[in-house]
Amino acid sequence: MDATKIFFERHTIRKYLDKPVSKEILEKVLTDATRAPSWPNSQPWEIYVATGDKLEELRSAYLESFQNQETHTQDLPTPKGWPEYIDNRIKKSYAESFKSMGITREDEAARYKNWKNNYQFFGAPVAVFLCLDTNLSDWSLFDLGMFANSLMLAAKAHGLDTAPAASSVSYPHHIREVLDIPENQKIIVGIMVGYADVEHPYNQYISSRVPMEEVVHFRGS
Ligand SMILES: Cc1cc2nc3c(=O)[nH]c(=O)nc-3n(C[C@H](O)[C@H](O)[C@H](O)COP(=O)(O)O)c2cc1C
């Protein structure tokens, strides 16, 4: 697949087929992702891959916390707010995605189901958690972001789909316990991996972008 095709065909997939991903392909994808650049080749990422029994244990723990409306305790705190012009983009995106899923503002049951799906890792067969040592600077977070996108694009190139999800790290104590992650590592974000259930309504939304000209500022002759 050529690069542009991969960039345009990667979408966040929010419902997966009940089809396992072979360890061989996963290892290829993760090896590709380790080619991400970092300052100064520090390669700060620590990656935990949950599959099979461990992922099911995590799903059960998450379900209980979600149903009990347990407070989120993300290691990387949720933003408290956004500048207005950014907030408008987020609102537009939410409105478009709910519309494409056929979920109205009033339909609380459908909204709850969709929300719950987040806390069930979208039914994916693999959840990859990206972690960083607590003593690292913001630059390492930048590096981890590059690892994350490399992972998602590599997965697409290998015929897999992905979903980055802050919701998946809402209850880090469960992840830390089930996957045996040391206290000196912050659990930054989770990326679900698997094969898309292409017909599912949750997967019909193709997000838009502001035009390149709006965010890129050319200077000079
Ligand atoms: C750091 C990060 C956190 C995200 N968290 C969630 C999440 O909790 N739930 C969700 O459904 N999507 C989540 N997303 C996916 C974004 O909504 C998605 O990337 C964005 O709408 C653009 O759509 P696309 O990925 O399909 O191009 C997250 C994406 C990123 C990069």
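Here is a friendly conversation about some helices and loop residues in a predicted model.

Trainee: Which span in Å should the 16 residues of helix α3 cover, and what do the end C-alpha atoms show?
Mentor: Helix α3 runs over residues 52-67, and the reckoning uses 1.5 Å a residue. That gives an expected 22 Å for α3. The end C-alpha atoms agree with this, as they are 23 Å apart.

Trainee: Which elements do the buried residues of α3 pack against?
Mentor: Start with the residues themselves: L55, L58, R59, A61, Y62, S65 and F66 are the buried ones in α3. In an α-helix, residues three or four places apart point the same way, because there are 3.6 residues a turn. The partners of the buried residues of α3 are β1 (46-51), α5 (108-118), β2 (126-133) and α7 (172-179).

Trainee: How are α3 and α7 oriented to each other?
Mentor: Two packed helices are described by the angle between their axes and the distance between the axes. For α3 and α7, the axes come within 10 Å and cross at roughly 155°. An angle over 145 degrees counts as roughly antiparallel. That makes α3 and α7 roughly antiparallel.

Trainee: How many nonpolar, polar and charged residues make up the contact of α3 with α7?
Mentor: From α3 come K54, E57, L58, A61, Y62 and S65, and they meet P172, H174, I175, V178 and L179 of α7. Sorted by class, the residues of this contact are seven nonpolar, two polar and two charged.

Trainee: Which residue just after α3 takes a positive phi?
Mentor: Look just past the end of helix α3, which covers residues 52-67. There, a phi of about 50° belongs to Q69.

Trainee: What covers the buried residues of α6?
Mentor: Helix α6 covers residues 138-157, and its end C-alpha atoms are 29 Å apart, in agreement with an expected 28 Å. Its buried residues include L144, F147, L151 and K156. Their cover includes α1 (3-9), α2 (23-33), β1, β2, β3 (161-165) and β4 (185-194).

Trainee: How are α2 and α6 oriented to each other?
Mentor: The axes of α2 and α6 come within 8 Å and cross at roughly 140°. Angles over 145 degrees would count as roughly antiparallel. The two helices α2 and α6 are therefore oblique.

Trainee: Which residues of α2 and α6 make the contact?
Mentor: α2 passes α6 in a right-handed crossing. The contact is made by V29, L30, D32 and A33 of α2, together with F147, S150, L151, A154 and A155 of α6.

Trainee: Is F121 buried or exposed?
Mentor: F121 sits in the loop between α5 and β2, and its phi is positive, near 55°. Buried means under 20% relative accessible area. At 0% relative accessibility, F121 is therefore buried.

Trainee: What is the relative accessible area of F122?
Mentor: F122 also lies in the loop between α5 and β2. This residue is not a glycine, yet its phi is positive at about 55°. F122 is buried, with a relative accessible area of 2%.

Trainee: Which residues does R89 touch, leaving out those up to four places away in sequence?
Mentor: R89 belongs to helix α4 (residues 84-101). With a relative accessible area of 33%, R89 is partly exposed. The residues R89 touches are V210, E214 and V215.

Key
Residues numbered from 1 in each chain as written. Predicted model: local features only at pLDDT ≥ 70, side-chain atom pairs only at ≥ 80, totals over all residues. Heavy atoms only, no water. Helix = DSSP H or I, 4+ residues; strand = E, 2+ residues; numbered from the N terminus. Expected span 1.5 Å × (residues − 1). Buried < 20%, exposed > 50% of the residue type's maximum accessible area, 1.4 Å probe, protein only. Contact = heavy atoms within 4.5 Å. Axes fitted to C-alpha atoms, helices over the stretch in contact; angles between N-to-C directions. Parallel < 35°, antiparallel > 145°, perpendicular 65-115°, else oblique. Nonpolar A, V, L, I, M, F, W, Y, C, P; charged D, E, K, R; others polar. Left-handed = near helix turned anticlockwise from the far one by under 90°.
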